[in-house]
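Biologist: I'm new to this one and would like a close look at a single part rather than a tour of everything. Could you take me through the aromatic cluster and whatever surrounds it?

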Amino acid sequence: MCLPLVAAAAQAPADPALERVLARWDGDARGDLKAVVVLRDGQLAAQRYYGGNDAQSLHDIRSAGKSVTALLAGIAADRGRLRFDQPAARCLPAAGEALAGVRVSDLLSMRSGLDADDENPQSPGNEDRLDEAADPAAFALSAPRREPPGTRYAYNSLTAYLAGLCVEGASGQPLDAFADEHLFAPLGIAQWRWQRDAGGHAKGQGNLSLRAGDFARIGQMALDDGRWQGRAIVQADTLRAILAPRVRIGAVDPYADEYGCFWYRKRLRVGADEVPVVFASGNGGNKLYLVPSLRMVVAIQSSAYGRGYGQRRSQDILRALLRAAADAAGGTAKSR
């Protein structure tokens with residue numbers, strides 16, 4: 001029988017087969033895998049901490065924080081503060097001309113049309129330039145246009161930062177305060193840290209630090225159609241709109257097939273099966289995987305920042321867990 005999600009780390013694993021999978025990485029010589037927490041049917045199935053970390057350790061999940069920003073935009077929409085199809089300038093009153101015609105959904109799906117591309121160091125809106133700006137908000141709001149909004153996907157942190165500013169403008173609260181009141185506190189997440197920029201704005205593009213178990217709580221809420229312990233945190237139809245695929249990105253991202261609102265989708269090959277997975281992703285291998293067909297959530301924290309093996313390792317861990325779960329069930333993990 002699975003343990004409650006709030007179970008202490010010292011208790012025995014609920015699923016020894018999954019725990020054995022996680023033990024394979026105990027000897028990882030690179031030393032930058034931090035934690036893996038696995039939930040099945042809303043309860044703790046396995047967990048493992050590495051390199052001296054434990055259940056109380058806060059870890060920066062990097063760009064997986066973008067997916068949290070999308071949830072906050074959804075909560076603001078549920079409260080009537082904004083709409084995904086509204087002009088972004090409505091919640092960004094200092095927006096420049098380049099943002100004319102850009103919808104909130106264009107920001108959330110990386111299709112703003114702004115000249116911002118994190119894969120191109122020469123891009124005017126590259127994330128390094130944003131981070132180095134004396135006034136990041138003014139910098140982002142004045143980013144030039146490259147093409148019509150809604151026409152092309154380009155991964156960048158600038159539009160996620162703007163989405164965070166949009167939540168602030170719509171809610172009248174700092175992003176982190178809005179998150180605490182409407183997401184973290186309702187989920188019972190008491191320990192967290194969200195880095196602020198030079199202008200005092202929480203960084204909607206990332207740098208949110210969470211405990212691994214709390215990272216998994218967010219995933220469980222999303223897997224449960226936006227509900228947590230009987231309470232709607234995000235309305236189900238709003239959550240579906242956030243997670244729904246909006247653009248195919250498999251040609252430019254080996255780890256994903258489609259992109260929604262700061263959330264990814266992938267049909268992951270596991271043996272002879274293809275398993276649909278929805279996930280949040282951050283630099284270094286930080287992942288929050290939702291596996292609806294197995295009612296599974298896998299939260300992985302890693303600090304392999306800027307190293308390609310971090311993403312590969314997290315996907316390998318997920319594959320191994322899915323294979324073990326399917327073997328234990330005597331069947332398949334794929335959706336029917």
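Modeller: Here is a walk through the aromatic cluster, the strands that carry it and the core around it.

Keep in mind that this is a predicted model. A search of the whole structure turns up six aromatic pairs. Let's start with Tyr153 and Tyr259: their ring centres are 5.2 Å apart and their planes meet at 65°, and an angle over 60 degrees counts as edge-to-face, so that is what this pair is. The pair links distant parts of the chain, since the two residues are 106 residues apart. Tyr153 sits in the loop between α5 (136-141) and α6, while Tyr259 belongs to strand β9 (residues 258-259). Both Tyr153 and Tyr259 are buried.

Now look at Phe279 and Tyr289. Their rings are 5.5 Å apart centre to centre with 45° between the planes, which makes the pair tilted. Phe279 is in strand β11 (residues 273-282) and Tyr289 in strand β12 (residues 286-291), ten residues apart. Phe279 and Tyr289 are both buried too. Put these four together with Tyr264 and you have one aromatic cluster: Tyr153, Tyr259, Tyr264, Phe279 and Tyr289.

How does Tyr264 fit in? Tyr264 is in strand β10 (residues 264-270), and Tyr259 stands opposite Tyr264 there. Strands β9 and β10 pair in the antiparallel sense over two bridges. Their hairpin has four residues between the strands, and in it Phe262 takes a positive phi near 60°.

Follow β10 a bit further. In a regular strand, side chains alternate between the two faces of the sheet. You can see two faces in β10: Tyr264, Lys266, Leu268 and Val270 make up the covered one, and Arg265, Arg267 and Arg269 the uncovered one. On the way to β11, the hairpin has two residues between the strands, and Gly271 takes a positive phi near 65°. Strands β10 and β11 run antiparallel and are joined by seven bridges. Leu268, for instance, has Val275 in β11 as its bridge partner.

Next, step from the cluster towards the core. A handy link is Trp263, which touches Phe279, a member of the cluster. Other contacts of Trp263 include Ile242, Leu243, Glu258, Val278, Ala280, Leu288 and Leu290. Trp263 is also among the residues with the most contacts inside the largest nonpolar core, along with Val38, Leu72 and Leu162. That core has 110 residues, and helix α6 (residues 158-171) gives the most to it, with nine residues.

Remember that Tyr153 is in the loop between α5 and α6. Helix α6 has 14 residues and reaches 20 Å from its first C-alpha to its last, close to the 20 Å expected. Of its 14 residues, 13 are buried, so α6 is largely enclosed by the rest of the structure. Just after α6, Gly172 takes a positive phi of about 75°.

Trp263 also points you to another helix, because its contacts include Ser67, Ala70 and Leu71, and helix α2 spans residues 64-78. Helix α2 has 15 residues and reaches 22 Å from its first C-alpha to its last, close to the 21 Å expected. Helix α2 is mostly covered, with 13 of its 15 residues buried. After α2 comes Gly80, whose phi is positive, near 75°.

How values were computed. Residues are numbered from 1 along each chain as its sequence is written. This is a predicted model: local features need pLDDT of at least 70, side-chain atom pairs count only at pLDDT 80 or more; totals for chains, interfaces and linings use all residues. Side-chain values use heavy atoms; hydrogens and water are left out. The expected span of a helix is 1.5 Å times one less than its number of residues. Buried means under 20% relative accessible area, exposed over 50%, partly exposed in between (1.4 Å probe, protein chains only). A nonpolar core is a set of buried Ala, Val, Leu, Ile, Met, Phe, Trp, Tyr and Cys residues joined through side-chain atoms within 4.5 Å. Contact means heavy atoms within 4.5 Å. Rings of Phe, Tyr and Trp (its six-membered ring) pair if their centres lie within 6.5 Å; planes under 30 degrees apart count as stacked, over 60 as edge-to-face and the rest as tilted. Two strands pair if DSSP finds at least two bridges between them. Lists of a residue's contacts leave out its neighbours within four places in sequence.
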